[in-house]
Amino acid sequence: MPYAFRHQPLKGLYLVYQLITTLFVRFPLWVLFSIPRSLRGRKSWTFKRALWVRFLRHFMNLSNHTGPIIRLPDHRAITPGPGVSGVWVGTANHLVTGDLKLWAKIANVSSIRVPGYWIHKTGTSIKVASGPQPGEKVIYQFHGGGYTRLSAHPNDVTSQIVKGYLKHLDIVSRVFSLEYRLASTKPFQVAHPFPTQLLDALAGYNYLVNVVGFAPENIIISGDSAGGNLAHALTRYLTEYQESAEVNLPAPPGALILLSPWVDLGTTANTPNSSAKTYHNSDYLGLGEGLSFATQAFCGPHGLGAANTNPYISPASLDSGLIVDFKKFPRTFVVAGGAEVLYDSIKILRDHMIKDLGEGDGVQPNDGKVRYVEALDGVHDYLVFPWHEPERTDTYKAINKWLAATS
C-alpha cells in the first residue's frame, strides 16, 4: 500500500528503523556491491556515482511509503531566508481560452496568486523584480518532482539547476522560478490536478511580460523532469492560441530548454525492451508506486486515459490517435541522460520536434531549431547533482554555446 507509514507515530518509527538498517546493513552492502564494475548500474560509473545512485533509489522508495520527509515551501506562502527574493504573481484568468478553459472547468480550478523566486548571478547589481536591462535575457524555470513534490524555493535541491545556469550561462544574469501548485490525490487530499500548474505557469509568464516588462523573445522557458513537461505545455498553449480573438496572449518565448523532461505520463511506450523497463538498475527514478501516484494525482478528473491522448500531458505518447505538431515552437534545447528510465520517451519527443523544426547546433544561420544533448551514462535529471561530473558541466557549456550563438 503506498504511503502506508504517512501518519505518526508509525512514520517516525519507520524512519528510525530505516536509518538504523541503512547505516549498519544497507550502506555496507552498497559499498560491497559497488566495488566490482560489473555490479554497478553502468560499468563506466565511478564507485562514488554507483553509491549515490543506490542511495537516491532507496530514498525515493522510502518517501513513497512515508510521503514528504521534510516539509518544503509551497504555493501558500513566500518562505523567507537569507538571500531569498520572493514575489507574488497575480492571476491570469483573463488569458484562459480554448481547451485550457474546458479542462479548467472539468477540474474545477482557476488561476490564483502564487509565489515566485528571483535568483541573481553573484555580483549583479540588478534589483529584485526590476525591469530588464536593454536586450537582457531571463530564464523562466519550472522545477521537477512529478508535479507532486519539491519546490521552486532557492533552498530546494532542484535550485542546483538554477545555480548552474547562473554560473555557466554568460548571457543570463537572473532566473525566475515559479512556485506552482502541486497535485495530490488519495490517500492525501485530492487537489490541484491538471491544468492547475499550466494556469500558474501562464500567470508567471504574464508577470514577466506585462508586469516586469521582458520582451517575449528575451524569455527562455526552462524545466526539468515534470517541470520540462510544464515548460512544454506552456509553450504549446502560447503558440496554439496566439491568434485567438478571445484573449490577448503574450507572444511565445524566444527559446525553450527541456532537461530530462517527463513527456509521456502514459503507457504506450512501456514495451518489455524499452528504457522504462530495462534501465531500472542505472537510474534512481522508478516507475512504481511513486510515479503511478503522481500520474493519478496530475490527471485527476480527466482520467488516466488523458495520459495517453492529451498532447499537453504526453507529447511523446505513441497513441495512434494523437497528433502532435511543433511547427510553431521556438528553438529548443533537449537534454537526456543515457541511463535514465525516461530515455526512450525523450528521444521520441526529440524526433517529433526535429521532424517539424529541423536539427541544428545553433551555430549555422540556416540550420534547424532543435539541439539535442545526451549524457551517455547520465541518470534522470543529472543537472541537479553536483557530483554528476563531467556531464553536468559539459551540458551547461553546451547550453551556453547554443544560447550565445542564437541570441
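This passage looks at a pocket, a helix that helps line it, and an annotated N-terminal stretch in a predicted model.

Start with the second largest pocket, which comes in at a volume of about 400 Å³. Its lining is made up of 25 residues, and those closest to the pocket centre are L265, G266, T267, N270 and L291. Sorted by character, the lining splits into 10 nonpolar residues, 12 polar ones and three charged ones. Four helices each put in at least two lining residues: α7 (275-278), α8 (289-299), α9 (306-309) and α10 (343-357). Of the elements involved, α8 gives the most, with four residues.

One of those contributors, α10, is worth a look of its own. This helix runs for 15 residues and spans 21 Å between its first and last C-alpha atoms, close to the 21 Å expected at 1.5 Å a residue. Y343, S345, I346, I348, L349, R350, M353 and L357 are its buried residues, so called because each falls under 20% relative accessible area. What do the buried residues of α10 pack against? The partners are a mix of strands and a helix: β6 (255-259), β7 (331-337) and β8 (370-375), plus α7. That last partner, α7, also turns up in the pocket lining alongside α10. Right after α10 comes G358, with a positive phi near 85°.

Over at the other stretch, an unreviewed UniProt entry annotates residues 12-33 as a "transmembrane region". In the model, residues 12-33 are 100% helix and 0% strand, with the end C-alpha atoms 29 Å apart.

Conventions: Residues numbered from 1 in each chain as written. Predicted model: local features only at pLDDT ≥ 70, side-chain atom pairs only at ≥ 80, totals over all residues. Heavy atoms only, no water. 1 Å grid on protein atoms, 1.4 Å probe; cavity = no way out; pocket = protein on both sides within 12 Å on 5 of 7 lines; lining within 4 Å. Points joined across faces, edges and corners; volume = space filled by probe spheres on them. Nonpolar A, V, L, I, M, F, W, Y, C, P; charged D, E, K, R; others polar. Expected span 1.5 Å × (residues − 1). Buried < 20%, exposed > 50% of the residue type's maximum accessible area, 1.4 Å probe, protein only. Contact = heavy atoms within 4.5 Å. UniProt positions renumbered as here; feature names shortened; annotations may be inferred.
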